[in-house]
Structures are given as C-alpha cells and as structure tokens.
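Biologist: Got a minute to go through this model with me? I'd like to start with the loops.

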Amino acid sequence: MDGPARPRSVSLSDFQFGAVTTETIEDALLHLARQNEQAVQAAAGRAGRFRETRIVEFVFLLSEQWCLEKSVSYQAVEILERFMVQQAESICRQATLRPRENEKAGPQNWRALKEQLLNKFLLRLVSCVQLASKLSFHYNIISNITILNFLQALGYQYTKEELVDSELDVLKSLNFQINLSTPLAYVEVLLEVLGYNGCLVPAAQLHATCLTLLDLVYLLHDPIYESLLRASIENSTPSQLQGEKFTSVKEDFMLLAVGIIAASAFIQNPACWSQVVGHLRSITGIALESIAEFSYAILTHSVGANTPARQQSVPPHLAARALRAAASSNT
C-alpha cells in the first residue's frame, strides 16, 4: 500500500485523566520544569525563527493528510525548528571562517550554502515529520514510499537513498536528540495536576479546547508574542535588542501551557477562570498577572474575547525575562 492505514477517529473518551498515580505526575511535572528552565536559559536570538505561519500550516496539513496524531505535528515543528536554526548557524560559521585572501569567494560561498539549504527545505521538512511519526510509538508511521509519492506529486524526484540520508542529516545535526518535549506535554501534565487539585472544569473538557488554542498559537505565533513583547515593555515599537532578549519568553513552554489552559478555562466556564488561574499559579509559581496577560493575548488573537480583570501593569514574569539583560546593557 502506498499510504498509511487510516486510524479510527479520536474522541474525547479516548483521553483518560486521573488514571496515573500522583507520584508519577509529580515526577513528570518536575522533569518538564527542569527541561523548561534549561531551554529558557539556553534560548538564543535565532530560536523560533522557523515557527513561521506558512511552515507550521504546511506541517499541520501534511500531518492531517497522513492521519497523524496532534502530538506528532507539534513534535515535527519543534524538530524542524531546531534543525533549521542549527543549519543557519552552521552556514554563518562557515561563511565567516573562509580564507580572507579571496574576498570574492565569500559572498559566492554564502549564496551557495544558502541556496543549498533552501533547495532541500521541503525534503528536510518531510523528514522531520517522518521522524516525529516514528517517535510517537504509534502504528501509523509514515513509510518512505508515501513520502516519495508525495514529493513526486510536487515535482521532486528524490530516491529512497536520498530520503534516508536526509533523515540521518537531521539526526546527526541534532546529535540524535529529537525526542523533544512539546507544549502539549506541558498542557497535559498540568491538566492532570489540576484534576487532582479539584479543578471545577473537567480535564477532558479543557483538553479539547486546549488542542484548538495550541494550534492557533502555533499558527499565530509571531503576532501573539509580538503583542506580549509590546505589553511587557509598554512600547509599541520594540527595539531589536528587546526582541532578542524576549526569545527566552518564546521558548518558555510552561508559560505557554498555563496561558493555553487559562484561555481554555475562560472559554469553557468564565465563572471558574479565577479558580483555574489560582491553581496554575500554585503549581508553577508563575505570577497571576503573567497568566492573565498570556491568556488575554491568546483570546484576543484567536476569538477576540477578553479575560476578566485584565491587569494593565507590566507582567513581572514577562518583563523580568524580556528586559533584565537589556537594562543591564544600558547601564
């Protein structure tokens, strides 16, 4: 068969919250918190550049066409993002390390490396989707034949060997570290904790809305985070330095997860919004103002709604991360 077998449709009843022991959930939450802190500290200026709307939309549509789970879509985007950032940084290093005696070769070499990266972008993208499908521990793994037929339909004549080489290139570039935690993992673990803490909105009910909003955040990544940056610095025209310092906020999946859940709670049951946000603050230590600001940004960019009691002051959690280094550089 050329294509994968279509799995049965997934319903809310397939998600069972509250079936795992509290000790396991605590361990999972601590593990994700450590991973998140490391990612925030290691965030560089180029991170997030390849979560561009058209790229994310293409991955989502391709995953839907191949009947992949939602978690695979997010994982594929994160693998592609890290791989492309690594490749861009590698090109920059190669271009600057070229011998200076032949100055004309520099721009030509830069253009050649850039052209090579662009020409293979679609191949790299489908390789990332295929690798993500293999990580999902699901029977629906995308075969080489399926991918080659897809590429051929778009006019690309790749061989099986080139496809395998592309997978290896991605794996080697990322040191085989591709089992990345996605924002969905943070959302689902936090929903488990909320369930144990007596949240008034059922976890399964919140889960469905969280998936929809998480899709929207990925698709509207730039405008949502740009509005957060403007709010955190109280300026409609952030400088380049301020934008670079804000990269750590873009890589903060715990912050994203609490914003997603808070926005979902407001959509499901506005009367319970304050209780849900209070639980999220106690679980993660993220300030109420930051959760409110993020949920406000998500809601206004997705459904045009407002959150209750929005704080007009600068969210300390966001402002501190965005401006700490910028302020020190101006002293």
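Biologist: Where does Cys67 lie?
Modeller: In the loop between α2 (53-65) and α3 (70-96). Keep in mind that this is a predicted model.

Biologist: Is Cys67 buried or exposed?
Modeller: Buried, because its relative accessibility is 13% and the cut-off for buried is under 20%.

Biologist: What about the phi of Cys67?
Modeller: It is near 60 degrees. That is a positive value, and Cys67 is not a glycine.

Biologist: Which loop holds Phe176?
Modeller: The one between α7 and α8 (183-196). Phe176 has a positive phi too, about 60 degrees, although it is not a glycine.

Biologist: Switching to the surface. Which residues make the nonpolar patch?
Modeller: Phe58, Leu154 and Tyr156. The patch covers about 260 Å².

Biologist: Where is Leu154, then?
Modeller: Leu154 sits in the loop between α6 (144-153) and α7 (160-173). It counts as partly exposed, because its relative accessibility is 45%.

Biologist: Now pockets. What volume does the second largest pocket have?
Modeller: About 710 Å³. It is lined by 24 residues, and the closest to its centre are Ala39, Ala42, Arg82, Leu180 and Glu251.

Biologist: Which helices supply at least two residues each of that lining?
Modeller: α1 (22-42) and α3 each do.

Biologist: And how does the lining split by class?
Modeller: Eleven residues are nonpolar, nine are polar and four are charged.

Terms used:
Residues numbered from 1 in each chain as written. Predicted model: local features only at pLDDT ≥ 70, side-chain atom pairs only at ≥ 80, totals over all residues. Heavy atoms only, no water. Patch = residues over 30% accessible without salt bridge, like charges linked within 9 Å, V, L, I, M, F, W, Y side chains within 5 Å. Areas by Shrake-Rupley, 256 points an atom, 1.4 Å probe, with all protein chains shown as cover. Salt bridge = Lys/Arg side-chain N within 4 Å of Asp/Glu carboxyl O. Helix = DSSP H or I, 4+ residues; strand = E, 2+ residues; numbered from the N terminus. Buried < 20%, exposed > 50% of the residue type's maximum accessible area, 1.4 Å probe, protein only. 1 Å grid on protein atoms, 1.4 Å probe; cavity = no way out; pocket = protein on both sides within 12 Å on 5 of 7 lines; lining within 4 Å. Points joined across faces, edges and corners; volume = space filled by probe spheres on them. Nonpolar A, V, L, I, M, F, W, Y, C, P; charged D, E, K, R; others polar.
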